[in-house]
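The following exercises invite the reader to examine a protein model step by step. Each task is followed by a worked solution.

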Amino acid sequence: MYSVLEKFIKSKVEIDAQSLERICSCFVLLKTKRNQILLDYSQVCNFYYFINKGSIRLFTISKDGNESSRFFAFQGSFATALPSFIDQLPAEEYLQTIEKSELLCISRADFYRLVKEIPQFAQLYTEILELGFIIAQKRIYGFQGFDALDKVKWVIKHQPQLLLKVSNKMAASYLGISPSTLSRIKSKL
């Protein structure tokens, strides 16, 4: 159950077996259905998820009912509604599985206890934050001057799983283009 998580941690930090076991013991297996909501708009986020199998997306819904995907996470990575997880205010976004998934979840209390008590976990958390920040910055600033084709090429280069595992509707909302435009571009590539 923990093999993917253990492999991920070992690939990021040097860690002894006892610390690794202690970290893994704080995670609980959660099997989900396709499109299962993990966090509702008005809820406070109290869990961090490691994706053993499957995928998660973070999205909002506009007043006119349109969904806007803001983040995707796939097997072998972490996901949460980070602002809510940190500041303990309502998320104002949704966290949802995209497909039937197998997640390892850790409570906020256990997560921060591990950050304080195990230096390698704190290092891992810093690396996750930095990587997330870099991807978000590249997407925000890169997309400002990009046309639809450039946005799709950027995703192919930086987040290739996205176009393979996510519906055109979800991917298009992430890219800020229409699903028909995305289909047209994908057919030409």
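**Exercise 1. Determine how H5 and H6 are oriented relative to each other.**

Solution. H5 and H6 are roughly antiparallel to each other. The structure is a predicted model, and the orientation can be derived from it in steps.

- Two packed helices are described by the angle between their axes and the distance between the axes.
- The axes of H5 and H6 (residues 148-158) cross at roughly 160° and come within 11 Å.
- Angles over 145 degrees count as roughly antiparallel, and H5 and H6 are therefore assigned to that class.
- As to handedness, the crossing in which H5 passes H6 is right-handed.

**Exercise 2. Locate Leu129 and decide whether Leu129 is buried, partly exposed or exposed.**

Solution.

- Leu129 belongs to helix H5.
- The relative accessibility of Leu129 is 30%, so this residue counts as partly exposed.
- For a sense of distance, Leu129 and Arg108 lie 21 residues apart in sequence, and their C-alpha atoms are 15 Å apart in space.

**Exercise 3. Classify the ring pair of Tyr48 and Phe8 with their respective partners, Tyr125 and Phe78.**

Solution. A pair of aromatic rings is described by the distance of the centres and the angle of the planes. A search of the whole structure yields 19 aromatic pairs.

- For Phe8 and Phe78, the ring centres are 5.5 Å apart and the planes stand at 65°, so the pair is edge-to-face.
- Phe8 lies in helix H1 (residues 3-12) and Phe78 in strand S6 (residues 78-79); with their positions 70 residues apart, the pair links distant parts of the chain. Phe8 and Phe78 are both buried.
- For Tyr48 and Tyr125, the centres are 6.5 Å apart and the planes are at 90°, so this pair is edge-to-face.
- Tyr48 is in strand S3 (residues 47-53) and Tyr125 in helix H5 (residues 119-144), 77 residues apart, so that distant parts of the chain are linked.
- Tyr48 counts as buried because its relative accessibility is 4%; Tyr125 counts as buried because its value is 11%.
- Ring pairs also join these residues into a cluster, whose members include Phe8, Tyr48, Phe78 and Tyr125, as well as Phe27 and Phe50.

A further ring has a charged neighbour: the charged end of Arg57 sits over the ring of Phe59, 3.7 Å from its centre.

**Exercise 4. Identify which strands pair with S7 and describe the two faces of S7.**

Solution.

- Strand S2 (residues 37-39) runs antiparallel to S7 and is joined to S7 by 2 bridges. Here Ile37 has Gln96 as its bridge partner.
- Strand S4 (residues 55-61) pairs with S7 over 4 bridges, again in the antiparallel sense. Ile56 stands opposite Thr97.
- S7 (residues 94-97) is covered on both faces: Tyr94 and Gln96 are buried on one side, and Leu95 and Thr97 are buried on the other.

**Exercise 5. State which backbone feature marks Gln88 and Glu92, and where these residues lie.**

Solution.

- Most residues other than glycine have a negative phi, and most peptide bonds are trans.
- Gln88, although not a glycine, has a positive phi of about 60°. Glu92 is likewise not a glycine and has a positive phi of about 60°.
- Gln88 lies in the loop between helix H3 (82-87) and S7, and Glu92 is placed in the loop between H3 and S7.
- With a relative accessible area of 28%, Gln88 is partly exposed.

Technical notes
Residues numbered from 1 in each chain as written. Predicted model: local features only at pLDDT ≥ 70, side-chain atom pairs only at ≥ 80, totals over all residues. Heavy atoms only, no water. Phe/Tyr/Trp six-rings, centres within 6.5 Å; stacked < 30°, edge-to-face > 60°. Buried < 20%, exposed > 50% of the residue type's maximum accessible area, 1.4 Å probe, protein only. Lys NZ or Arg CZ within 6 Å of the ring centre and 35° of its normal. Pairing = 2+ DSSP bridges. Axes fitted to C-alpha atoms, helices over the stretch in contact; angles between N-to-C directions. Parallel < 35°, antiparallel > 145°, perpendicular 65-115°, else oblique. Left-handed = near helix turned anticlockwise from the far one by under 90°.
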